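Dear colleague,

Please find the structure below, together with its sequence. My notes on it follow, and I would be grateful if you would read them with the structure open.

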Amino acid sequence: MPFGPDTVTFVLYSDADTPGELGTYQQVETLTNAPHCHHRPLTYQETVQLGYDVATEMWKTTIPIGEYSDALREKIVAAQHDDAIRVDGKQYRIVGGVMPYKDFTGWFKATVISKKQT
C-alpha cells in the first residue's frame with residue numbers, strides 16, 4: 001500500500017578506496033530510490049546566535065518497505081545517522097537512523113526523522 005506520492009532518495013556515504021594527497025578519504029555517495037513515501041514536516045525552530053539566524057526544520061518520512069524487494073529493503077534499513085535523504089531536490093540529514101516496523105505479515109513500514117538547517 002503506497003503511503004504517499006514522494007520518491008525519497010537515500011544518500012549513503014562511504015570512504016573511497018584510496019586516500020588523497022593529505023591522507024584523507026574522499027566521500028563517495030551511494031544513491032537508493034524509495035518510491036511511494038510520505039514526507040511531511042514535524043517542527044520548525046528559529047534561533048539567533050552570534051548574529052546568525054539558524055532555521056531548523058524537522059521532517060518525518062514513512063516508507064512502505066513491505067512492498068519492496070529484500071535487496072531494496074536492506075539498502076534502506078542500512079542508512080545511518082550521518083547519511084541523508086533527498087526529496088524534490090532538497091537534502092535532509094537523517095537523525096537517529098531508520099526505524100523499521102513489522103506487523104503479523106512481516107515488514108510493514110519504516111520511518112525516518114530528518115532535519116534541514118538553513
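In these notes, two residues are in contact, or touch, when they have heavy atoms within 4.5 Å. With that meaning, Val 98 touches Phe 10, Ile 76, Val 77, Ala 79, Ala 110, Thr 111 and Val 112, leaving aside residues up to four places away in sequence. Please bear in mind throughout that this is a predicted model.

I begin with the overall layout. The protein chain has 118 residues, and buried residues make up 32% of them. Its C-alpha atoms fill a box of roughly 50 × 40 × 20 Å along the principal axes. The chain contains one helix and six strands, and along the sequence these follow the pattern β-β-β-α-β-β-β. Of the contacts between residues at least 6 apart in sequence, 55% join residues at least 24 apart.

How do the six strands close into a barrel? Their order is β1-β2-β3-β6-β5-β4, with antiparallel pairing. From one strand to the next, the twist averages 45°. Helix α1, residues 70-77, packs on the sheet and touches β1 (6-15), β2 (27-49), β3 (52-63), β5 and β6. The direction of helix α1 makes about 30° with that of β2.

Several of the strand pairs deserve a separate description. Strands β2 and β3 run antiparallel and are joined by 11 bridges. Within this pair, Arg 40 has Lys 60 in β3 as its bridge partner. The hairpin of β2 and β3 has two residues between the strands, and Leu 50 takes a positive phi near 50° there. Strand β3 is also joined to β6, by eight bridges in the antiparallel sense, and Met 58 stands opposite Lys 115 in β6. Strand β6 (residues 106-117) pairs in turn with β5 (residues 90-103), over nine antiparallel bridges. Here Asp 103 stands opposite Gly 106 in β6.

I turn next to the interior. The largest nonpolar core has 19 residues, and those that touch the most other members are Phe 10, Ala 34, Ile 63, Tyr 68, Ile 76, Ile 85 and Val 98. At least two residues of this core come from each of β1, β2, β3, α1, β4 (84-87), β5 and β6. Two of the residues that Val 98 touches, Phe 10 and Ile 76, are thus also among the residues named for this core.

Is Arg 73 buried or exposed? This residue is found in helix α1. Arg 73 has 13% relative accessibility and therefore counts as buried, since the cut-off for buried is under 20% relative accessible area. Beyond residues up to four places away in sequence, Arg 73 touches Ile 65, Gly 66, Tyr 68 and Trp 107.

Finally, there are some points on the aromatic rings. Which residue lies over the face of Trp 107? It is Lys 102, at 4.6 Å from the ring centre. A second arrangement of this kind involves Tyr 101, where Lys 109 lies over the ring face at 5.3 Å from the ring centre. The structure also holds one aromatic pair.

With kind regards

Terms used
Residues are numbered from 1 along each chain as its sequence is written. This is a predicted model: local features need pLDDT of at least 70, side-chain atom pairs count only at pLDDT 80 or more; totals for chains, interfaces and linings use all residues. Side-chain values use heavy atoms; hydrogens and water are left out. Two strands pair if DSSP finds at least two bridges between them. Helices (H or I, at least four residues) and strands (E, at least two) are DSSP runs, numbered from the N terminus. Axes are lines fitted to C-alpha atoms, for helices over the stretch in contact, and angles run from 0 to 180 degrees between N-to-C directions. A nonpolar core is a set of buried Ala, Val, Leu, Ile, Met, Phe, Trp, Tyr and Cys residues joined through side-chain atoms within 4.5 Å. Buried means under 20% relative accessible area, exposed over 50%, partly exposed in between (1.4 Å probe, protein chains only). Rings of Phe, Tyr and Trp (its six-membered ring) pair if their centres lie within 6.5 Å; planes under 30 degrees apart count as stacked, over 60 as edge-to-face and the rest as tilted. A charge sits over a ring if NZ of Lys or CZ of Arg is within 6 Å of the ring centre and within 35 degrees of the ring normal.
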